[in-house]
Amino acid sequence: MAARTEGLGVPKLMVRRTDVTGADGIRLAAWEFADPPKCAPGGPPPAQGPRPGGSGGDGEGANVAEARHGAGERDAGSGPGSPKGVLLLHGLMGRAAHWAGTARWLSGRYRAVALDQRGHGRSDSPVHLEDPYAREAFVEDAEAAVEQLGLAPLAVVGHSMGALTAWQLAAKRPDLVSALVISDMKASALGARSQLEWRQWFDSWPVPFATLADVRKWFGEEDPSLERPAPSRGDFFAEVMTEGEAGWEPVFSRRQMLAVREAWVHDAHWDELARVVCPTLVVRGIDGELGRAEAQEMVRVLPRGIYAEVPDAGHLLHLERPADWRRVVEPFLHAAHPAVS
């Protein structure tokens, strides 16, 4: 995929895009992260794929090079001696690129793949299905990606909505998932009032934004829902904006995001958590959305649960405190999911 290369003065992180087929035939974009191969003499440099927000968004200013392949074109194996897989699942409104910082250190030992979930990033947004954003569809999408990319047995690292998908996948297919990281996601139902608050919050967005600087400032400083400035939050939203004739707007449908949330607004997911048999790390930011008492109860319910906290972090802990996030997650993965088959 020919495009531009950005010189950010940092080592490149090669990203290979593979389109996979999810539930109901939906097209999903999976992104495999690795150090770029050296070009042959006279060969072309890696291509920089278009990125909606044009920002690093990963806490480390990643320079991401992109190549695109079909599901049957990849050349990495999953046999003995091959790196084990790690699937990264973003949260609501997020995209695979938000995992670039984590993928950089994972890719030194593992085959790191991030999935744009349905309705997010470069994956399709189903509009003609009866219930296109049912929880089962997200789980089936992840299941299909794991099988089509030959990632199993793998570790799954999920943030927020992606964490729910991750533990539902682990409960459904214990043969696929050998280790699990749940980042700042509740097992309890949030309640109808939460959905109303989100609808009001979406209505408060001053879209379109004139510039990406305005996006970062509003979401990182001026949003009335903020208790204090959060630059990483501004970067997060800059990554999920696209420029139109009138200005910068989200790449996703806010109406569809509300539909996605319905599954954990009205339903609790403790039973599925109890069926996760693999080692599971439940990690929260001290100022995140998952409270300590609930996180510790989740660990108690899990057959092989482990608890951890990231200090001075909120909901976007892997973006806000990337070094602390790594110090918590990396040793767990090394113990529960050794890097080489």
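In which helix does W201 lie? W201 belongs to helix α4, and this tryptophan makes a handy starting point for a walk through the structure. Please keep in mind along the way that the model is a predicted one.

Let us stay with W201 for a moment. Its relative accessible area is 13%, and residues under 20% count as buried, so W201 is a buried residue. Setting aside neighbours up to four places away in sequence, W201 has contacts with M93, W218, F219, D223, S225, R233 and F237. One of these partners, S225, sits 24 residues away from W201 along the chain, and the C-alpha atoms of the two are 8.0 Å apart.

Now step back and take in the whole protein. There are 341 residues, and buried ones make up 54% of them. The secondary structure consists of 11 helices and 11 strands. How much of the contact network links residues that stand well apart in sequence? Among contacts with a separation of 6 or more, 74% are between residues 24 or more positions apart. On the outside, the accessible surface is about 14,300 Å², and carbon and sulfur atoms account for 51% of that area.

Two of the names met at W201, S225 and R233, lead on to the largest pocket. This pocket holds about 1,200 Å³ of space. It is lined by 36 residues, and those closest to its centre are S225, R233, D287, E289 and H315. Which helix gives the largest share of the lining? That is α6, with 5 residues. Helix α6 spans residues 231-238, and α4 (192-203) and α7 (254-265) likewise each supply at least two lining residues. As for chemical character, the lining is made up of 16 nonpolar, 9 polar and 11 charged residues.

From the pocket we can turn to the nonpolar interior. The largest nonpolar core has 64 residues, and the members that touch the most others are L87, M93, W167 and W205. Helix α3, which covers residues 161-172, is the top contributor to this core, giving 8 residues. A separate core of 31 residues lies apart from it, and includes A96, A103, V283 and L333.

W205 deserves a closer look. Beyond residues up to four places away in sequence, W205 touches M93, W218, F219, F237, M241, P250, F252 and R254. Some of these names will be familiar: M93, W218, F219 and F237 are also among the contacts of W201.

M93 has a story of its own. M93 is located in the loop that runs between β4 (85-89) and α1 (100-106). Although M93 is not a glycine, its phi is positive, at about 75°. Is this methionine buried or exposed? M93 is buried, because its relative accessible area is 4%. D312 offers a good partner for this picture, since it too is a non-glycine residue with a positive phi, about 55°. The loop that holds D312 lies between β11 (305-310) and α10 (317-320). D312 has a relative accessible area of 59%, and for that reason counts as exposed.

The backbone has further details to show in its loops. A cis peptide bond connects A152 to P153, with omega about -5°. P153 is in the loop between α2 (135-149) and β6 (154-159). Another cis bond joins V207 and P208, and there omega is about 0°. P208 is placed in the loop between α4 and α5 (212-222).

Our next stop is S183, in strand β7, which covers residues 177-183. With a relative accessible area of 0%, S183 is buried. Apart from residues up to four places away in sequence, S183 touches G158, H159, S160, A163, V283, L317 and W325. V283 in this list is also one of the members of the 31-residue core. The C-alpha atoms of S183 and G162 are separated by 8.6 Å, and the two residues are 21 apart along the chain.

We finish at A323, which is in helix α11, residues 322-336. How accessible is A323? Its relative accessibility is 46%, so A323 counts as partly exposed. Along the chain, A323 and T102 are 221 residues apart, while their C-alpha atoms are separated by 9.5 Å.

Terms used: Residues numbered from 1 in each chain as written. Predicted model: local features only at pLDDT ≥ 70, side-chain atom pairs only at ≥ 80, totals over all residues. Heavy atoms only, no water. Helix = DSSP H or I, 4+ residues; strand = E, 2+ residues; numbered from the N terminus. Buried < 20%, exposed > 50% of the residue type's maximum accessible area, 1.4 Å probe, protein only. Contact = heavy atoms within 4.5 Å. 1 Å grid on protein atoms, 1.4 Å probe; cavity = no way out; pocket = protein on both sides within 12 Å on 5 of 7 lines; lining within 4 Å. Points joined across faces, edges and corners; volume = space filled by probe spheres on them. Nonpolar A, V, L, I, M, F, W, Y, C, P; charged D, E, K, R; others polar. Core = buried A, V, L, I, M, F, W, Y, C linked by side-chain atoms within 4.5 Å. Areas by Shrake-Rupley, 256 points an atom, 1.4 Å probe, with all protein chains shown as cover.
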